[in-house]
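Colleague: Can you walk me through how the parts of this model fit together? Keep it simple, please.

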Amino acid sequence: MANLLDKAREMMISRRKFLGLSATAATGAALLTLPGCGLSKLDANEATALANKEGTWISAACWHNCGGRCLNKALVVDGVVIRQKTDDTHEDSPDYPQQRGCLRGRAQRQQVFGADRLKYPMKRKHWQPGGGDKSLRGKDEWERISWDEALTYIADELKRVKKDYGNRSILHIGGWNSQITEMSRTLGLYGGYTEYWNTNSFGSWSMTPKTVGFWQLGVWDQTVNDRYDLRNCDTIIMLSMNPAWSAMGSSSWHYWQAKKAGAKFIGIDPYYNSTYSSFGAEWVPIRPSTDTVLLLALAYVLLTQDHPVLNPLIDWEFLNKCTIGFDADHMPEGEDPKGNFKDYILGTYDGLPKTPEWASEICGVDKVQIEQLALEFGKNKKVAFLCGMASARTRNADNLPQLIMTIGAMTGHMGKSGHMTGSTMHATSGNGGPALVNAGSNGLPGIANPIDDTINANQIWDAVLDGKYNFTGKGSFVSADQYQPGKMRDIDIHIIYHSGGAILQTSDGMTKGIEAHRKVDLVVSHSQFLTTNSKYADIVLPVTTEWEKFGGFLGGTLVHSGNREMILMYSQITEPLYEAKSDQWIAMEIAKKLGIKEKEVYPFGEKQQFFNALSSITVVNEDGETYGPLVTITQEDIDKLGVTGKPQTGKITYSEFKEKGVYQVKRYQGDNYGYIAFKDFVQDPENNKLSSESGKLEIYSKKLADTINNMGFSKIKPIPSYIKVVGGYEDTFKDWGNKVKDEYPYQVITPHYLRRSHTVFDNVKWLQEAWVNPVYLNTKDAADNGIAEGDTVLITSAYGKILRKACLTECMRPGVIALPHGAWVDIDEKTGVDTGGADNILSGQVPTGQGVSGFNTGIVKIEKHIQTKLIPDVEKPARIIL
Amino acid sequence: MGKLGFYFDMEACIGCRTCQMACKDKNNSDINVLFRRVKSFETGVYPKPDAYNYSGSCNHCSEAKCVQGCPTGAMHYAEDGTVQQNKDKCIGCQYCVWNCPYGAPQYIEKSGVVGKCDSCKDLRDNGENPACVNACIMRILHFGDLDELKQKYGPNLVNELPILPIASVTQPSLVVKPKSCSSDRNYREKEV
Amino acid sequence: MKEIALVLFTICIQASIGIMVFAAVAKLLNKESSFKSAIITAAGLAIVGLLASFMHLGRPLSAINALSQFGSSWLSLEIWFTSAFTGLTALVALLIYVKPSTKSAINALIPIAAVIGLANVFVMASIYNFTSVPAWQHSSIFMEFYAAAISMGAVLFIVLSGKKVGNMRRTLAFTIGVAVILQVVAMELYYIQLGANESLAAQTSFTLLNNMSTAMALKWLLILFGSGLLFLPTMKAKTNVLVGQAATEVAATTEETLSTTTYIAAALIIIGQIIGRYIFYAISITGTIGLS
């Protein structure tokens, strides 16, 4: 018998070895039994009963910061939403696609009706005017209070702090910009507030493109042609982009049309992501934050291998005609000719040619592969050189957009059909061009903020804690005013007011952020759930979702808000849940308590705002150039809405628009809506000047260098050049020369993740079930650290510690780990370790260049964590308060 | 007229799981209940890895073991040949859960009965597509007459793969346009 | 443990069937003995088992629906057989208890129940063999089920029938020995086959099985040790060979208390079979692309 058991055990051991990954993975899965969760309002039987009744499909908002805009509809029966659908308003084809929504949109009702919706205004038990026990923020108990109590507390504290410390002591954060929320109106009228600014998702694409002329249609991400033209490309080279995970809607389908038309795909990225694997891309595995180095070496190969007849790689005519600064002959007046790009690449003056060998040591791409990659750019091929923003959300990457432009300019991939270069993202990914439908305006007059203090994301928490920051102007990341010469200022923040957004979660250095939140007298947060902002607040105000509002519009603008071909209109799905109120109502009520007149804040109501926006939408005419009103509005519509306005004639009636929920311009082969970026400029550069000072593509930009160098965060050159990245690959070494690794030997990147949109939806159990949010590790790196599939991994940086489950993959470059961006922090107060896997627990406040948040620059160590087993997110109880 | 079933173009699947979510929404499925589920797989080794996704649901098999094994007759063939379940007859013995090699039927604790993909028969009876089909943002899920689907999307379609059971066991009404790496027997499932 | 109801159900029914089989055999040899406590226990076990099977159902009150598909579904057939067996056994028990005079009826019903029971064991094994659980797709599970029924039935029969067993005791002990040996051989074959199965589900089951090697070891220790104990009074000389040093020590102390040894043997065998059944369910993994 013993013999038999031994035999069984022997077999078991050898078998285990053989089984390797898959069996371990499956075992893990098999052993788990997940408890149910009662988030849905209805059980299946109730739903079936309701389904048999007649319902109404209502166009429902899907309004988040995903970058997409899609049609979402809710089937409402007896006031209950029983299911959803997406666009079925017309036949679907690649040329004229339906506006289909993604998984997050399909889970929208799970969010709106989630059991974890905040029901009432709440106060932290140990908060009292002046702060109370501040250290308890994030761990205190919550007490239900009335709206009047809540608003009175807030108004009284605003008055006290204004009186004692002045308006500068009120830090008002509304998301990526302080001025985008309703509360900015009230606080602006009350004498102002200190603002927050960041480069958020866009990294160095925030300022660099406009300065160097790499800018079309008033934005940085419309330098690529439209989606029909994408199908004309021979080769699509993608640098750090993943539309499959970060550009929902039909973007990936547009790229697929190019694939079907025969395009070859190449992906330059630390991670062989879903986009690359789906499109069968060749992979160039690069280290994070080293794209500049690779591209410099590509320029070297292009320069040294180019031959006008035998190997025509460079489009000299384009360079000469359209750019400045490429070589000594084309330098701007007054600048040292030695400072040109070509001589920098060849190492003429610094003695360091930017060869593939040189680059390979830093970026990790094999030198032969660098040479092959350079040839793929050859000027005689139709090439799309595209990127997302990930590679520019790194430190010291201010020249990167300029360098991408330079490579595109060298190879002439601009201004022609089948040729394009630039960043492309969100719903416009792979589909450039002017908006064919333009959103209207609600007509509310803007309210200025009399205070000019504006703190960069990389300094915001330090500023709260230490009382000083580098002031570089006031505006926002898209405004030149934001990038002024830096001046140190003192600041004394007493109130942090989150009127929207998720900045504590999404800004650099969350550990410091929590500390800062535990310092001030009052933290207010508007939210729908106990988000990170609200968890660390004193007074939390429950706000309505878009499903609870009268209606509105989505899309019709290029940035962050839908593709160019359509606009969406949504209607109210449900009455406000529990005691939730709209942000506008809150802003108005607080204004009243502060002694501000209602009409000053909102001269007219939400319905009139809706009507103003409705009536001012414009749509392109068949000629592709002129625009006219979109919506036909009758006097009856106006009377029914109870608003003031004039009837008008457009292309769709108000009632049809409301019923369909979408107006889409029908595209067809041969229409007038096509778009070739830089076409006019390339044909006639002199008469179609770009946004740069010279009007040309500036490979040498004194203004860029001066602007950044004067801001005072870090230094750059006027040409794209190698800068050692703070916290980059080189910093993983104690001794670079001998390649001895230091305390944090791995680089970390934080890809956007389909469970959520940044942080939005992260609490939805259905999405948690579909996307488990592991940390991705290369199989070999995991083995080196004794980590097996499914193990809990402790990831430590200089700034914090998090736990995540290991997902071992061969698709990750060794030496790099990927931690999905946006998970809600969940700190174990006993150990100080974040069990939620929040990316910004690992990041620090390190401003560089134009104030970029370096979300994809980070170094960490990884260890197998054996003390506790991480509870899968889907099994954690929902944050149901009161 | 052939059997009715699903077509899945694995080549173009980006693994977003929108179909899975549309299915949950349509069926009001609790956590742990997935009538359609996307799984991700990886093959090859660095620096030449490959990956593919599989979106699976009930395959409405011709030789459905769930129907054969069902002691109550709850699992049955509808007039259109799809495998349907009569919830009133089901006693929750979960024998079909063991019998289906695809893991399609799932026990629903709350109601005490099993549930599975019914290919949205209610929608189809109204002339609509199953929810997952109309949800797919890559337009790679289709439902219909298998002969027609084969004609339209053929010729290299399969109904078994290394990740799937042998088709001869249940004769699934399924056509998959495989991705080349999906024929690699040395695959690894990834919980992404 | 999710399948606790099924462990209880199969163990009770199989033990009950085993008892009835030996009761039938014993009746052939000794028509006069009533084997009252054995049969009443068998009836009790069958009823407990049947009730336990309801616990497994999501909607036990609709269990009657399961009778309709006996022509196609092993499970439906099993419910018929189990019901018939339980009904007959309970009837016999009732007759013995209430109307012991109806001996001929009792004597006729016992073998019928035993035969139905033996057929039911086959049906039960077929249920699992039919599934898509690779860990169950092996003929050894028939052996496993029959061996469980025989070994538990026999040992319980010995315990419950006491002196009435008489000469049969030795035969019963041998039967148990043979059943257990066959069970061991079947398991050996099973390990080899499951280990060689390339499917992910099979591999997962195999890994689970290997992770449960302690439980598996315990199962066999208990069963082998328990059946070994039964040989003590009858085959004391060979004890050492069969069960080793530890058993000899136990034997030394239990030599005079025959009944205690038997009780211990019964307990060990039954607990061993229960652990085995627990493992049986614990390693079930369906299909390679399971949705769940």
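Colleague: How much area do chain C and chain B bury between them?

Modeller: About 2900 Å². Carbon and sulfur atoms carry 57% of it. Buried area is the accessible area (1.4 Å probe) that two parts lose on being put together, summed over both.

Colleague: Anything I should know before we go on?

Modeller: This is a predicted model: local features need pLDDT of at least 70, side-chain atom pairs count only at pLDDT 80 or more, and totals for chains, interfaces and linings use all residues. Residues are numbered from 1 along each chain as its sequence is written, chains are lettered from A and ligands numbered from 1 in the order in which they are written, and side-chain values use heavy atoms, with hydrogens and water left out.

Colleague: Back to chains C and B. How many residues are in contact?

Modeller: Chain C brings 37 residues and chain B brings 42. Contact means heavy atoms within 4.5 Å.

Colleague: And how many salt bridges between those two?

Modeller: Zero. A salt bridge needs a side-chain nitrogen of Lys or Arg within 4 Å of a carboxyl oxygen of Asp or Glu.

Colleague: OK, switch to chains A and B. What is the buried area there?

Modeller: About 4400 Å², with 55% from carbon and sulfur atoms. The contact uses 63 residues of chain A and 47 residues of chain B.

Colleague: How many salt bridges here?

Modeller: Four across this interface. A:Arg109 makes one with B:Asp25. Their closest N and O atoms are 2.4 Å apart.

Colleague: Which helix of chain A gives the most to the side that touches chain B?

Modeller: Helix 29, residues 765-770, with five residues. Helices here are DSSP runs (H or I, at least four residues), numbered from the N terminus.

Colleague: New topic. How is chain A divided into domains?

Modeller: Domain 1 is 4-112, domain 2 is 116-193 + 449-543 + 580-599, domain 3 is 204-434 and domain 4 is 729-875. The bounds come from an automatic or database domain assignment.

Colleague: How many residues do domains 1 and 3 of chain A put into their contact?

Modeller: Domain 1 gives 14 and domain 3 gives 12. The two domains bury about 930 Å² between them.

Colleague: Which residues in domain 1 lose the most area to domain 3?

Modeller: A:Gly67, A:Pro94 and A:Asp95. Together they account for 47% of what that side buries. A:Asp95 also forms a salt bridge with A:Arg231, at 2.7 Å from N to O.

Note on methods: Helix = DSSP H or I, 4+ residues; strand = E, 2+ residues; numbered from the N terminus.
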